[in-house]
Structure formats: C-alpha cells, structure tokens
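Trainee: Could we go through this model together, with the rules behind each term stated as we meet them?

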Amino acid sequence: MKEKDVKSVRTAIKSFLEEDSKVLEIDYTGSALNASKYYHSVIFVNPLWFFIKMGVIGICYFLPAGELKNFLYRSLGMKIGKQVFISGGVMMDIGFPQLITIKDGTVLGQGVTIFAHESSITKIRLGRVTIGKRALIGIKSVIRSGVSIGDNAVVAMGSIVARDVKNNELVGGVPARKIRTLTKPL
C-alpha cells in the first residue's frame, strides 16, 4: 500500500462527506493486501475523535429514549428530527455517524443496528442512511449502509434491510422484502 493511495482515498472520503452522494465504494487489491491495515490507515484518521464517538455511542446504547440521547447523537453529526424515539440497545455506526439521518416522529425499537460503513477483503463502502418521518423500525432489525427508508414505512422486527424501502411500505424478513403497502400508520 502506497502513502499516496491512502491520501487519495482519504480525499475521496472527505469529498463524499461534503456532497450529497448516497454511496461511496472504494476497491483495493494487491498480493500483499492486509485488509485490516488498509482499512485502519484510511478510516482511522483521528484516534481521539474515534474514541469520543465510541464513548458517546456507548453511553447512548444504555440511555432510555429522550432528548438527552438525541442531543448526544446530534453532537456527533447525526441528523435527528423532532420527537424521535430511539430505544435502549440501539447501535449506531461508530465510524461515520454523520451519515445517519432520522426524521421527525420515527421510532427505533430495542436492539436496532444502523451501519453507515462496511468493509470486506477488497472493498470499503460508505453509505448515507436516511429514515423518513414517522417510520417504525422493529426490534433487532439491521439497516445496511446506503439504505433509505421512506415516510410511514414499517420494518418488521428481526429484519435485515439491504435495499431502499418506499413510503408507506411494510417490509420484513432476511433480507427484508415488501409485505404490503400500508393505508394508514401502524
């Protein structure tokens, strides 16, 4: 891995964070590839800031729903609307919390996990996650990076959401699939 490669990837990530693109995928290859070393050299730029984010998200994991919790998430750059209910045990992405938007009146059930970045052996993926107004995300559901969930949408508990969910749609399963269109909020 060359130093200039790391710098160019960091520049690409910085540009992505400043624009409105939904997903950024960074491929990396090489015969001496060390995915962990590459990932940390690109993503783990400021250890102090990472530990602050980790501490705030860790505290929020145990806090009950309320304005204090929402305030703390906002302090990390997350966009949290009014009257958002985030249950205990919710795990937000530690690496890129600023890529998460949760709009007014949404409810996140216990144990929900939201990813804004992923890594594999040959790729790093960053993706904005947007959860619309008055959406309901069921207990223990997982939201993948780059996914948008529409207004008044419902994600059944235990679902893995890997694709966008439209407004007023009820989805469920692994992977989550459309069950039906809702005519009124649940």
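Mentor: On a 1 Å grid over the protein atoms alone, a pocket is an open set of points where a 1.4 Å probe fits, with protein on both sides within 12 Å along at least five of seven lines, and its lining residues have an atom within 4 Å of a point. Grid points are joined across faces, edges and corners, and a volume is the space filled by probe spheres set on the points. The model is predicted, so local features need pLDDT of at least 70 and side-chain atom pairs pLDDT 80 or more, while totals for chains, interfaces and linings use all residues. Residues are numbered from 1 along each chain as its sequence is written, and side-chain values use heavy atoms, with hydrogens and water left out.

Trainee: What volume does the largest pocket have?
Mentor: The closest residues to the centre of the largest pocket, out of 20 that line it, are I43, V45, K53, G95 and F96. The volume of the largest pocket is about 400 Å³.

Trainee: Which element gives the most to the lining of the largest pocket?
Mentor: Helices (H or I, at least four residues) and strands (E, at least two) are DSSP runs, numbered from the N terminus. Two or more lining residues come from each of α1 (3-18), α2 (35-43) and α3 (47-62). With five residues, the element that gives the most is α1.

Trainee: Which residue stands opposite I114?
Mentor: Two strands pair if DSSP finds at least two bridges between them, and two bridges join β7 (residues 113-114) to β12 (residues 142-143), which run parallel. These strands belong to an open sheet of four with the order β4-β7-β12-β15. Opposite I114, in β12, stands I143.

Trainee: How many residues apart in sequence are the parts that E25 and K123 tie together?
Mentor: The side chains of E25 and K123 meet in a salt bridge (a side-chain nitrogen of Lys or Arg within 4 Å of a carboxyl oxygen of Asp or Glu), at 3.4 Å, N to O. Because E25 lies in strand β1 and K123 in strand β9 (residues 123-127), the pair ties together parts whose separation is 98 residues.

Trainee: Is D164, which meets K22 in a salt bridge, buried, partly exposed or exposed?
Mentor: The side chains of K22 and D164 meet at 2.6 Å, N to O, and the pair links loops 142 residues apart. Buried means under 20% relative accessible area and exposed over 50%, with partly exposed in between (1.4 Å probe, protein chains only). At 46% relative accessibility, D164 is therefore partly exposed.
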